[in-house]
Amino acid sequence: MTAPQITSHPTPEHRGPLRLRIGASPGQDRLDGAWWPYSRDLDAEVSDLVQHFPATQPRISRALYSRPDWDTTPRKITAGSRSIKLGSFPADDTHVLIVQLSDRTRLTLLVVPPEFTAAQGEEALLAGSTSGNRHAATDLLLEVTNQHDADPAELWTVASGSQDQT
């Protein structure tokens, strides 16, 4: 039996701000928010997420990820002075990261592919964190990439009505 892989990645100075949006009512919608990492390196990205998670939220204590979204598949990472256990879904659930917080709250986050354009990424962040979202993560991302002339604020807000479920 081999020991779990443990890696530590400091956040590079050139990395931009954490691209994360959490909805107003976690646990009420299919997705609780959205996260747009800068790369497919799970070690570096989860470390960045853990170290820069909003101070208004409890700390991340573990995470479950979808293997196809990442080039690396660690079982544990070190984020600053903390060690975080990671696991993967037994079945493919592409584009989702479930984080468990220190208060036992679980957040289901849409993982926006790093290669999305700025407009697609912003729309996906908005869609994943909008109250009333009912799309599966993969369907939501397909919708984002297929909407060229739509105004994202009108497309995903509850005030304009829920998006078709067809």
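Let's start with strand β4, residues 60-65, which runs antiparallel to strand β7, residues 96-101, and is joined to β7 by five bridges. Keep in mind as you look that this is a predicted model. To find one spot along this pairing, look for L64, which stands opposite I98 in β7.

Strand β4 has another partner to explore. With strand β6, residues 82-88, β4 pairs in the parallel sense, and four bridges link the two. Here you can pick out R62 of the chain, whose bridge partner in β6 is K85. As you trace these strands, a general idea helps: in a regular strand, side chains alternate between the two faces of the sheet.

Now step back to the whole chain. How many helices and strands does it have? The secondary structure comes to four helices and eight strands. Following the sequence from its start, you meet them in the pattern β-β-β-α-β-β-β-β-β-α-α-α.

How do distant parts of the sequence come together? Take the contacts between residues at least 6 apart in sequence: 67% of them join residues at least 24 apart. Of the chain's 166 residues, 41% count as buried. On the outside, the accessible surface comes to about 9,000 Å², and carbon and sulfur atoms account for 49% of that.

Finally, let's visit some rings. Which rings does the charged end of R19 sit over? One is the ring of W36, with the charged end 3.7 Å from its centre. Another is the ring of Y38, where the distance to the centre is 3.8 Å. As for rings paired with each other, a search of the whole structure turns up one aromatic pair.

Key. Residues numbered from 1 in each chain as written. Predicted model: local features only at pLDDT ≥ 70, side-chain atom pairs only at ≥ 80, totals over all residues. Heavy atoms only, no water. Pairing = 2+ DSSP bridges. Buried < 20%, exposed > 50% of the residue type's maximum accessible area, 1.4 Å probe, protein only. Contact = heavy atoms within 4.5 Å. Areas by Shrake-Rupley, 256 points an atom, 1.4 Å probe, with all protein chains shown as cover. Phe/Tyr/Trp six-rings, centres within 6.5 Å; stacked < 30°, edge-to-face > 60°. Lys NZ or Arg CZ within 6 Å of the ring centre and 35° of its normal.
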